[in-house]
Amino acid sequence: MRLVLLGAPGSGKGTQATRLREHLQVPHISTGELLRAAVAAGSALGLQAKAVMEAGNLVSDDIVLGMLEERLLKPDTGNGFILDGYPRNLAQARALDALLDRIGQPADVAVQLDVATELLVDRLSGRAKLEGRADDSPDAVRKRLAVYSEQTAPVVDFYRNQGKLACVHGEGGMDEVFVRILEAINPTSDVG
Ligand code: ADP
């Protein structure tokens, strides 16, 4: 299955992607993780991305698309993938559509994790204490949430218009949310 995971920062995409990877036996591809790895490796791309990420802004579309294409062309994506953190604006959504068509692997479904803004802020400030990610500072979090509502929210309509959107209530326990996702992507299966 080729699944695109949508949701604001703090909506639980990473957590649910890990579970989906086990369940579906397909790789989890996170553009945020690919970028953080590039920053950690100190590559040219990482150096370009670092300050942009720490400010909570989006890294340029061409950098991310190139990195994603390289990842999608690895042989482990033959049975599908879970894409997390991409697309983040309409230009990326269109570029992804074109790329997936070109490699003959169109997306099957886009799952949107829907979580109220106050809860997102709570979760991200909790994570800031636990993980110390540079972009979980209060200013960067505010910026990332603003970028999400301005640039990423329209991507939800992009998939709705294609008839591929599954909207899932993302509040509650992690297991509860996971069961909702499974029901949304495969309404007929028995997920217990
Ligand atoms: P979150 O969704 O919690 O903000 P991510 O790990 O997905 O965290 O992304 C962290 C940062 O990496 C983003 O704020 C952005 O700077 C950069 N990034 C990740 N994916 C993309 C993308 N598709 N396009 C541009 N920048 C991205």
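In what follows, Ala, Val, Leu, Ile, Met, Phe, Trp, Tyr, Cys and Pro count as nonpolar, Asp, Glu, Lys and Arg as charged, and the others, Gly among them, as polar. The model is predicted.

**Exercise 1.** Describe the shell of residues around the ligand by class and by origin.

*Solution.*
Step 1. Sort the shell by class: there are 7 nonpolar, 5 polar and 7 charged residues.
Step 2. Look for the element that contributes the largest share; this is helix α2 (residues 31-41), with 4 residues.
Step 3. Identify the nearest members. Of the 19 residues around the ligand, these are Thr31, Arg36, Asn57, Gly85 and Gln92.

**Exercise 2.** State which ligand atoms the side chains of Thr31, Arg36 and Arg144 approach, and how much of the ligand the protein covers.

*Solution.*
Step 1. Thr31 places a polar side-chain atom 2.8 Å from a nitrogen atom of the ligand.
Step 2. For Arg36, the partner is an oxygen atom of the ligand, 2.8 Å from a polar side-chain atom.
Step 3. A polar side-chain atom of Arg144 lies 3.0 Å from an oxygen atom of the ligand.
Step 4. On its own, the ligand has 550 Å² of accessible area, and the protein covers 97% of this.

**Exercise 3.** Characterise the largest pocket and its lining.

*Solution.*
Step 1. The volume of this pocket is about 1,000 Å³.
Step 2. Its lining consists of 44 residues, and Gly10, Lys13, Gly14, Arg127 and Arg133 are the closest to the pocket's centre.
Step 3. Two or more lining residues come from each of α1 (13-24), α2, α6 (117-131), α7 (138-161) and α8 (174-185).
Step 4. Helix α6 gives the most, 6 residues.
Step 5. By class, the lining has 15 nonpolar, 18 polar and 11 charged residues.
Step 6. The largest pocket is the space taken by the ligand.

Definitions and conventions. Residues are numbered from 1 along each chain as its sequence is written. This is a predicted model: local features need pLDDT of at least 70, side-chain atom pairs count only at pLDDT 80 or more; totals for chains, interfaces and linings use all residues. Side-chain values use heavy atoms; hydrogens and water are left out. A residue is near a molecule or strand if one of its heavy atoms lies within 4 Å of it. A polar contact is a pair of N or O atoms within 3.5 Å; within protein, one must be able to donate a hydrogen and the other to accept it, and residues adjacent in sequence count only if both atoms are side-chain atoms. Accessible areas come from the Shrake-Rupley method with a 1.4 Å probe; for residues, only the protein chains shown count as cover. On a 1 Å grid over the protein atoms alone, a cavity is a set of points where a 1.4 Å probe fits but cannot get out, and a pocket is an open set with protein on both sides within 12 Å along at least five of seven lines; lining residues have an atom within 4 Å of a point. A molecule sits in a cavity or pocket if more than half of its atoms lie within 2 Å of its grid points. Grid points are joined across faces, edges and corners, and a volume is the space filled by probe spheres set on the points.
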